[in-house]
Amino acid sequence: MNILQMARSVLRQFVADEEGATAVEYGLIVFLIAVAIVGSVTGVGTQLISLFGDVKTALTPAAAAGG
């Protein structure tokens, strides 16, 4: 068997192997879930910053009045 035949054989085995494809699919799923989590946490963080800003604004006059 010469080098070209060996290379073809290895290439055929690589193409026929589906374990790598499954790993890539799982990797893509994990990536998409991570993107969704980051997006959600970012949105909630922005809302919390706004909420705490509103609370600070509402409490500032009371603190200035001494009560």
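**Figure 1. A chain without a buried residue.** Of the 67 residues in the protein chain, 0% count as buried. Please keep in mind as you look through these views that this is a predicted model. The accessible surface of the protein chain adds up to about 6,000 Å², and carbon and sulfur atoms account for 72% of that surface.

**Figure 2. The overall dimensions of the protein chain.** Here we step back to take in the whole C-alpha trace, which spans about 95 × 15 × 10 Å along its principal axes. The radius of gyration is 29 Å, whereas a compact globule of 67 residues would have one near 11 Å. The secondary structure consists of two helices and zero strands. One of these is helix H2, which covers residues 19-65.

**Figure 3. A patch of negative charge on the surface.** Four acidic residues come together in this view: Asp17, Glu18, Glu19 and Glu25 make up a negatively charged surface patch. Within this group, Glu19 belongs to helix H2. Glu19 counts as exposed because its relative accessibility is 65%, and the cut-off for that label is over 50%.

**Figure 4. A nonpolar patch on the surface.** Val44, Leu48, Leu51, Phe52, Val55 and Leu59 form this nonpolar patch, and together they offer about 560 Å² of accessible area. Two of its members deserve a friendly closer look. Val44 sits in helix H2, and its relative accessibility of 46% is why Val44 counts as partly exposed. Leu51 also has its place in helix H2; with 45% relative accessibility, Leu51 likewise counts as partly exposed.

**Figure 5. From Leu51 to Arg8.** Staying with Leu51 of the nonpolar patch, this view follows the chain to Arg8, 43 residues away along the chain. How far apart are the C-alpha atoms of Leu51 and Arg8? They are separated by 63 Å.

**Figure 6. Ala63 in helix H2.** Our last stop is Ala63, another residue found in helix H2. Is Ala63 buried or exposed? Ala63 is exposed, because its relative accessible area is 60% and exposed means over 50%. For a sense of scale, compare the position of Ala63 with that of Ser40: the two lie 23 residues apart along the chain, and 34 Å separates their C-alpha atoms.

Terms used:
Residues are numbered from 1 along each chain as its sequence is written. This is a predicted model: local features need pLDDT of at least 70, side-chain atom pairs count only at pLDDT 80 or more; totals for chains, interfaces and linings use all residues. Side-chain values use heavy atoms; hydrogens and water are left out. Patches are made of residues with over 30% relative accessible area and no salt bridge: like charges are joined within 9 Å, nonpolar side chains (Val, Leu, Ile, Met, Phe, Trp, Tyr) within 5 Å. Accessible areas come from the Shrake-Rupley method with a 1.4 Å probe; for residues, only the protein chains shown count as cover. A salt bridge is a side-chain nitrogen of Lys or Arg within 4 Å of a carboxyl oxygen of Asp or Glu. Lys and Arg count as positive and Asp and Glu as negative; His and the chain ends are not counted. The place of a charge is taken as NZ of Lys, CZ of Arg, CG of Asp or CD of Glu. Helices (H or I, at least four residues) and strands (E, at least two) are DSSP runs, numbered from the N terminus. Buried means under 20% relative accessible area, exposed over 50%, partly exposed in between (1.4 Å probe, protein chains only). The radius of gyration is taken over C-alpha atoms; the globule rule is 2.2 Å times the number of residues to the power 0.38.
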